[in-house]
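Please keep the model open while you read this note. Each point can be checked by eye or with a distance tool.

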Amino acid sequence: MPGALVFSMAEGLVIPPTLQGSGLAFLSMGFDIKGPTYVGDTIHVEIAVSEIKPTSKDPSRALVRTTNDVKNQKGATVLVYTPLRMMQGR
């Protein structure tokens with residue numbers, strides 16, 4: 001399957017439980033395909049926050065970078081992407 005399709009499926013897994021209501025903007029992303037993904041594979045995403053930086057204009061918002069590892073049913077990493085998002089804080 002194309003890496004862009006795997007990425008969009010991974011984002012569909014990430015956004016509803018973690019970003020709904022707090023995500024304001026998707027600013028940029030690093031993208032690295034590590035291995036093939038085949039039709040019929042099951043994927044999951046492991047997320048680690050790597051950077052949080054408050055915005056200069058509004059302290060209730062922050063720039064948040066995560067490292068998202070997409071893994072298949074065998075536990076092999078097939079895609080790694082590092083999105084930078086603006087998020088609403090408390």
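The points below go from the overall fold to single residues and their contacts.

1. **Status and make-up.** This is a predicted model. The protein has one helix and four strands. Read from the N terminus, the order of elements is α-β-β-β-β. Helix 1 covers residues 3–18. Strand 1 covers 23–33.

2. **Overall numbers.** The C-alpha atoms fill a box of roughly 45 × 20 × 20 Å along the principal axes. The protein has 90 residues, and 32% of them are buried. About 5600 Å² is exposed, and carbon and sulfur atoms supply 59% of that area. Now take the contacts between residues at least 6 apart in sequence: 61% of them join residues at least 24 apart.

3. **The hairpin of strands 2 and 3.** Strand 2 is residues 44–54, and strand 3 is residues 61–71. They pair in the antiparallel sense over ten bridges. Six residues lie between them in the hairpin. To find the register, look for Pro54, which stands opposite Ala62 in strand 3.

4. **The hairpin of strands 3 and 4.** Strand 4 is residues 77–88. Strand 3 pairs with strand 4 in the antiparallel sense too, over nine bridges. Here five residues separate the two strands of the hairpin. Gly75 sits in the turn and has a positive phi of about 85°. Ala62 appears again in this pairing: Met87 of strand 4 stands opposite it.

5. **Thr55 in its loop.** Is Thr55 buried or exposed? Thr55 is in the loop between strand 2 and strand 3. Its relative accessible area is 18%, and the cut-off for buried is under 20%. So Thr55 counts as buried. The side chain of Thr55 reaches the backbone oxygen of Asp58 at 2.6 Å. Leaving out residues up to four places away in sequence, Thr55 touches Arg61, Ala62, Leu63 and Met86.

6. **Tyr81, with 0% accessibility.** Tyr81 belongs to strand 4. At 0% relative accessibility, Tyr81 is buried. Which residues does Tyr81 contact, apart from neighbours within four places in sequence? Among them are Phe7, Ala10, Glu11 and Val14, then Met29, Gly30 and Phe31, and also Thr66, Thr67, Asn68 and Val70. With Glu11 there is a polar contact between side chains, at 2.7 Å. Ile52 offers another distance to check: 29 residues separate Ile52 and Tyr81 along the chain, and their C-alpha atoms are 17 Å apart.

7. **Glu11 and Arg85.** Glu11 has a further partner. Its side chain meets that of Arg85 in a salt bridge, 2.9 Å from N to O. Arg85 is in strand 4 and Glu11 is in helix 1, so the pair ties together parts 74 residues apart in sequence. Both ends are buried: Arg85 has a relative accessible area of 8%, and Glu11 is also listed at 8%. As a reminder, side chains of opposite charge can pair when their charged atoms come close.

8. **Other salt bridges.** How many salt bridges does a search of the whole structure find? The search finds five. One of them joins Lys34 and Asp32, at 2.8 Å from N to O. Lys34 is partly exposed at 49%, and Asp32 is partly exposed at 36%. Glu46 and Lys71 form another, with their closest N and O atoms 3.4 Å apart. This pair links distant parts of the chain, with Glu46 in strand 2 and Lys71 in strand 3, 25 residues apart. Glu46 is partly exposed at 38%, whereas Lys71 is buried at 18%.

9. **A nonpolar surface patch.** Met1, Leu5, Met9 and Val39 make a nonpolar patch of about 370 Å² on the surface. Met9 lies in helix 1. Met9 has a relative accessible area of 37%, which makes it partly exposed.

10. **Gly21 and Gln88.** Gly21 is in the loop between helix 1 and strand 1. With 77% relative accessibility, Gly21 is exposed. Gly21 and Gln88 are 67 residues apart in sequence. In space, their C-alpha atoms are 8.2 Å apart.

Methods: Residues numbered from 1 in each chain as written. Predicted model: local features only at pLDDT ≥ 70, side-chain atom pairs only at ≥ 80, totals over all residues. Heavy atoms only, no water. Pairing = 2+ DSSP bridges. Buried < 20%, exposed > 50% of the residue type's maximum accessible area, 1.4 Å probe, protein only. Contact = heavy atoms within 4.5 Å. Polar contact = N/O pair within 3.5 Å; in protein donor to acceptor, adjacent residues only side chain to side chain. Patch = residues over 30% accessible without salt bridge, like charges linked within 9 Å, V, L, I, M, F, W, Y side chains within 5 Å. Areas by Shrake-Rupley, 256 points an atom, 1.4 Å probe, with all protein chains shown as cover. Salt bridge = Lys/Arg side-chain N within 4 Å of Asp/Glu carboxyl O.
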